[in-house]
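User: I have a model open and would like to go through it with you. Could we start with the overall picture and then move to details?
Analyst: Certainly; here it is.

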Amino acid sequence: MMTEKIKEALNNQMIAEMYSSYLYLSMASYFEAKGLEGCSHWMKAQAQEEMVHAMKFYHFIHERGGRAIMKTIDAPPSEWDSPLKAFEHALEHEKYVTSLINNLMELAIEEKDHATQIFLQWFISEQVEEEASASQVAEKMRLAEETHGGLFMLDRELSQRAMPIPIPQEN
Ligand code: FEO
């Protein structure tokens, strides 16, 4: 059985992952309105990945005999000063999520909850990838903004990202 502290912390992380999905979908809409379809596509894929993360928490909570409790999800921003600022925000957000996962792992260690520690190991590795990919795109965007035609080429490159769940209007 999970302790109340662990139950609440896992539930909060499920909501944080849903917020991440909401944030990236907001960024997708921002890019779409700017005609940057590839950037928008990349963010939609990211939003889907975050829902997958949220569902991993949902299933784990239930497997351990708890209940996933839905709570209010804060509204994310809807505007950024530039495409680069949006990707920099994505990178900062991923660093923040890494800190949440690390705190959760520390709590699981304190509470001697070995099953939760094993479950969280996947997220520890995933966050390394999440930060690396956001950082890579932010860096490419920085260079693209300095190069003539760079943004167009990067937008085309980002449109190639595999979509975890196909979206009807994109196929
Ligand atoms: Fe679920 Fe991007 O962290």
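User: How much of the protein is buried?
Analyst: Buried residues make up 47% of the 171 residues in the protein, where buried means under 20% relative accessible area, exposed over 50%, and partly exposed in between, with a 1.4 Å probe and protein chains only. Please note that this is a predicted model, in which local features need pLDDT of at least 70 and side-chain atom pairs count only at pLDDT 80 or more, while totals for chains, interfaces and linings use all residues. Residues are numbered from 1 along each chain as its sequence is written, and side-chain values use heavy atoms, with hydrogens and water left out.

User: How many helices and strands are there?
Analyst: The protein has five helices and zero strands. These are DSSP runs numbered from the N terminus, with helices being H or I of at least four residues and strands E of at least two. In order from the N terminus, the elements are α-α-α-α-α. The radius of gyration of the protein is 17 Å, close to the 16 Å that the globule rule gives for 171 residues, so the protein is as compact as a globular protein of that length. That radius is taken over C-alpha atoms, and the rule is 2.2 Å times the number of residues to the power 0.38.

User: What box do the C-alpha atoms fill?
Analyst: Along the principal axes, the C-alpha atoms fill a box of roughly 55 × 30 × 25 Å. As for contacts, meaning heavy atoms within 4.5 Å, residues 24 or more positions apart account for 80% of those with a separation of 6 or more.

User: How far do α2 and α3 reach?
Analyst: Helix α2, residues 37-63, has 27 residues and reaches 39 Å from its first C-alpha to its last, close to the 39 Å expected. Helix α3, residues 83-110, has 28 residues and reaches 41 Å, close to the expected 40 Å. The expected span is 1.5 Å times one less than the number of residues.

User: What follows each of them?
Analyst: After α2 comes Gly 65, whose phi is positive, near 90 degrees. Just after α3, Lys 112 takes a positive phi of about 55 degrees, although Lys 112 is not a glycine. Lys 112 sits in the loop between α3 and α4 and counts as exposed, at 65% relative accessibility.

User: Switching to empty space: which residues line the largest cavity?
Analyst: Its lining consists of Tyr 24, Trp 42, Gln 46, Ala 90, Glu 94, Glu 130, Ser 133 and Ala 134. The search of the whole structure finds one cavity of 30 Å³ or more, and the largest cavity has a volume of about 30 Å³. On a 1 Å grid over the protein atoms alone, a cavity is a set of points where a 1.4 Å probe fits but cannot get out; a pocket is an open set with protein on both sides within 12 Å along at least five of seven lines; lining residues have an atom within 4 Å of a point. Grid points are joined across faces, edges and corners, and a volume is the space filled by probe spheres set on the points.

User: Which helix gives the most to that lining?
Analyst: Helix α4 does, with three residues, and α2, α3 and α4 each supply at least two.

User: And the largest pocket, what is its volume?
Analyst: The largest pocket holds about 180 Å³ of space. Its lining has 13 residues, of which Trp 42, Ser 133, Gln 136, Val 137 and Arg 161 lie nearest its centre. Here too α4 gives the most, with seven residues.

User: Where is Ala 28, and is it buried or exposed?
Analyst: Ala 28 is in helix α1, residues 4-33, and is buried, with a relative accessible area of 1%. Not counting residues up to four places away in sequence, Ala 28 touches Ser 40, Met 43 and Lys 44.

User: What about Gln 48?
Analyst: Gln 48 belongs to helix α2 and counts as buried, at 13% relative accessibility. Leaving aside neighbours within four places in sequence, Gln 48 is in contact with Met 163, Pro 164, Ile 165 and Ile 167.

User: Last one: what is Trp 122 in contact with?
Analyst: Apart from its neighbours within four places in sequence, Trp 122 is in contact with His 53 and Lys 56. Trp 122 lies in helix α4, residues 114-146, and counts as partly exposed, at 37% relative accessibility.
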